[in-house]
Amino acid sequence: MVPLRLFVDRLSLRPLGATDPSGRWVRWVHVSELTDPSPFLRGGELLLLAGTGFRPAESGAYVRRLAEAGVVALGFGVTPVFDAVPPELVAACDEHGMALLEVPPHVPFASIVELLHAELVRAETRDLKHLSDGQAVLIRAAAGPGPLRAVVERLAELLGGWVLVVDRNRDRTWSAGPVRRDAELTAALERATASTSPMSAALVTAVEHVEIQRLFGPAPTGYAMAVARRGPFSVADRGVVGVAASALSLLFTAPSAAGSPEALGAAAVAGLLRLPTLARALAGPLDLAEDAPWRVVRGLLTEPPGSRETIVQRLSAVLGTPFVEQDGDSFTAIVPGGEPVDDLCGLLDDAGHLAGISRPHPADDLDPAWGEAGAALDGARIGGGCVVAGAEPHGVMALLDSAQAARYAERLLGPLDAAAAAGELLGTLRSWLAHHGNWDRTATDLGVHRNTVRHRLRQVSRLLDLDLNDPDTRMELWFALRWRTQAR
């Protein structure tokens, strides 16, 4: 649907009478000179007429029938029949709350129809992009660390509203945004969690639209999701909600399907699991001791795209590990930490992959390795070759005393460490700088919405009291992040 105000603003149609055209939406534009076109209308139309055969004295009955048929507004074309909109028609529209627009002689009715069509096509394209972008964001969130929380937060951002997910079996909830909790919502969620078959419900209040869906999980019942936004849900919005519901249902059921060592290793790569048995799961397939150290490798694929299975097999052969996950043009792997890291760098460079490699870490403490590998990958993007976290500095970084540089980096970045979401802010800053300030590529890299990137960087700018648009500031922050990575 298209706002009626758009026709006023774009084509200079003049509103007449007391009824404000703002806040009204047009489903279709129709032209008719019939004395009673209401039997041929479905509602939601902007009805255009030039006054052929129109009798001003019958305006009251004419407008009443149109209002009963659901017509949104009348567009009256002046000349050649009438030099001005009849005052009787203006009065009738005021009486029945019908919006009335004067169509000047230089505006053909065809141009009004064309404007509607162009806006409907533009809206459809925008919805398709919204759905496509939303799918990508939600899938990346489901494959990253803290997937349930991440999917809920990303869905709230995509809808511009709030989300509440409940698991009654384990008495757990996840939420994002200002959730409205009242008796009606609670009752609807209870019905959804108690249902043994697919179900959904819709609630409409004066301030928001709420939709509730039952989710699937390992137990027959107990899972549901409520999503809300201020305006009605579009088709694309419902598609995004459907993707989120599928992802959440898969995440609820994932633990029961992750029993093999290979599945546990793949889950560890994706950041989905933190289990005490992970050391044994990683060591078993490679016949290593359970206390063996491990490195995380994060890299970019520079070869022509192929099937996921082919890419993963090739990377597994290069890296000597079955624990490889590919996501678009990037990959993550867990490799034995006891192997010579220079040999691993050489293999990656020969294969044409830019990559960052973490320090060795025990299997039960791989979280720091993830961040180290990401920071090293940033360095690889600049240097054009594989980078290992903690390696001796080279290039410009080797010109300064590493201890002094590290202290400077700590002073510069210290305010971010004290923030509540220090890890998110530092990671977003690092990715944004690595992508030369490109919002979309940063959002894709982090698996978040571009508005999330903007919000986090505004926090960074405020906490550091720095202008991130200044190239000198960006350079200092980039090297500070690099020095900090080398020092740790």
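1. Start with helix H17. Asp472 sits in this helix, which spans residues 471-487. The model is predicted, and the points below should be read as such. Asp472 is partly exposed, at 48% relative accessible area. Together with Asp467, Asp470 and Glu476, Asp472 forms a negative surface patch.

2. Salt bridges come next. The structure holds 21 of them. Three pairs are worth looking up by residue number: Glu153 with Arg149, Asp167 with Arg172, and Arg180 with Asp182.

3. Take the pair in helix H5. Both Glu153 and Arg149 lie in this helix, residues 147-159. They are four residues apart, about one turn of the helix. The closest N and O atoms of the two are 3.3 Å apart. How accessible are the partners? Glu153 is partly exposed, at 22% relative accessibility. Arg149 is partly exposed too, with a relative accessible area of 41%.

4. Now Asp167 and Arg172. Their side chains meet in a salt bridge at 2.7 Å, N to O. Is Asp167 buried or exposed? Asp167 counts as buried, because its relative accessibility is 2% and the cut-off for buried is under 20%. Arg172 is partly exposed, with a relative accessible area of 29%. This bridge therefore joins a buried residue to a partly exposed one.

5. Arg180 and Asp182 form another bridge. Their closest N and O atoms are 1.9 Å apart. Here the arginine is the buried partner: Arg180 has a relative accessible area of 17%. Asp182 counts as partly exposed, at 26% relative accessibility. Elsewhere, salt bridges that share partners join Arg149, Glu153, Arg154 and Glu157 into one network.

6. Turn to the interior. How many residues make up the largest nonpolar core? The count is 30. Leu155, Val165 and Met225 have the most contacts inside this core. Several elements each supply at least two of its residues: helix H4 (109-143), H5, strand E8 (162-167), strand E9 (172-176), strand E12 (223-229) and helix H7 (235-253). H7 gives the most, with nine residues. In soluble globular proteins, nonpolar side chains tend to be buried together.

7. Helix H1 covers residues 4-11. Which of its residues are buried? They are Leu4, Leu6, Phe7, Val8 and Leu11. Ser12 follows H1 and has a positive phi.

8. Look at Ser12 itself. The residue lies in the loop between H1 and strand E2 (14-16). Its phi is near 60 degrees, a positive value in a residue other than glycine. Ser12 is exposed, with a relative accessible area of 53%. That is over the 50% cut-off, so the label holds.

9. The loop between strand E6 (73-77) and helix H3 (87-96) deserves a check. Pro80 is found there, and so is Thr79. A cis peptide bond joins Thr79 and Pro80, with omega about 10 degrees. Thr79 also has a positive phi of about 60 degrees, although it is not a glycine. Thr79 counts as partly exposed, at 34% relative accessibility.

10. Gly53 belongs to the loop between strand E5 (45-49) and helix H2 (59-68). Gly53 is exposed, with a relative accessible area of 52%. Which distance separates Gly53 from Glu33 in space? The answer is 7.1 Å, C-alpha to C-alpha. In sequence, the two are 20 residues apart.

11. Last, Arg42. This residue lies in the loop between strand E4 (28-31) and E5. At 71% relative accessibility, Arg42 counts as exposed. Arg42 and Trp28 are 14 residues apart in sequence. In space, their C-alpha atoms are 9.4 Å apart.

Technical notes:
Residues numbered from 1 in each chain as written. Predicted model: local features only at pLDDT ≥ 70, side-chain atom pairs only at ≥ 80, totals over all residues. Heavy atoms only, no water. Buried < 20%, exposed > 50% of the residue type's maximum accessible area, 1.4 Å probe, protein only. Patch = residues over 30% accessible without salt bridge, like charges linked within 9 Å, V, L, I, M, F, W, Y side chains within 5 Å. Areas by Shrake-Rupley, 256 points an atom, 1.4 Å probe, with all protein chains shown as cover. Salt bridge = Lys/Arg side-chain N within 4 Å of Asp/Glu carboxyl O. Lys, Arg positive; Asp, Glu negative; His and termini not counted. Charge placed at Lys NZ, Arg CZ, Asp CG, Glu CD. Core = buried A, V, L, I, M, F, W, Y, C linked by side-chain atoms within 4.5 Å.
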